[in-house]
Amino acid sequence: MSERAAPGDCIFCRIAAGEAPCHCVHQDELTITFMDIMPASDGHLMIIPKRHYETLYEADEESLLRIMANSRRIALAMRQVLQPDGLVVRQLNGAAAGQVVFHYHMHLVPRRRGDSPPLHGRAKANPAHLADQADRIAAALQGG
């Protein structure tokens, strides 16, 4: 199942505009980072540009550079809070590559030794757990 939608109907556009809920970890004028509600592993985050681009091919350089810079800062906070053994940084372009939501996004997926690396999560996570993780990672970003 994929979600190809016009920008006004795109779930990630609605999240970026504050019209749909998310467990936000960080946002600035160009990007927003939030917990994946169907995580591939505990602590799975997504970073998206606030402007709608289906894939890397359409995205503007300023947003891409900000996403990459934020990914490092957020990954360091994630490592401090969750202490994973590793981190998968993944970005998919097009249905043939496994893209499901057609709004450019980067996944930060914490991994533990012995984890099998699924491409996407299979079940919704507990919202209270996501909120707790988002709060803890956000606090670590702020140096708390």
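Helices here are DSSP runs of H or I with at least four residues, strands are runs of E with at least two, and both are numbered from the N terminus. The model is a predicted one, so to speak for a local feature takes a pLDDT of at least 70 and a side-chain atom pair counts only at pLDDT 80 or more, while totals for chains, interfaces and linings use all residues. Residues are numbered from 1 along each chain as its sequence is written, and side-chain values use heavy atoms, with hydrogens and water left out.

Helix α2 is a good place to begin. It covers residues 61-82, and its 22 residues should span 32 Å at 1.5 Å a residue; the end C-alpha atoms lie 30 Å apart, which agrees. The expected span is 1.5 Å times one less than the number of residues. At the start of α2, a side-chain oxygen of Asp60 comes to within 3.2 Å of the backbone nitrogen of Glu62. Just past the other end, Gln83 has a positive phi of about 50°.

Several α2 residues are buried, meaning under 20% relative accessible area (exposed is over 50%, partly exposed in between, with a 1.4 Å probe and protein chains only). Among them are Ile67, Ile74, Met78, Val81 and Leu82, along with the polar Ser63 and Asn70. The buried residues of α2 pack against β1 (24-27), β2 (31-35), β3 (45-49), β4 (86-90), β5 (106-111) and α3 (127-141), where contact means heavy atoms within 4.5 Å.

Now for the sheet. Its 5 strands run in the order β1-β2-β3-β5-β4, forming an open sheet with antiparallel pairing. β1 and β4 are at the edges with a single partner strand each, so one side of each has no neighbour in the sheet. On average, neighbouring strands are turned by 15° against each other, direction ignored. Helix α3 packs on this sheet, touching β1, β2 and β3, and its direction makes about 35° with that of β1. Such angles run from 0 to 180 degrees between N-to-C directions, with axes fitted to C-alpha atoms, for helices over the stretch in contact.

Zooming in on one pair, β1 and β2 are antiparallel over 3 bridges; two strands pair if DSSP finds at least two bridges between them. A hairpin of 3 residues joins β1 to β2, and His26 sits opposite Thr33 in β2.

Lastly, His129 belongs to α3 and is partly exposed, at 34% relative accessible area.

Terms used: Polar contact = N/O pair within 3.5 Å; in protein donor to acceptor, adjacent residues only side chain to side chain.
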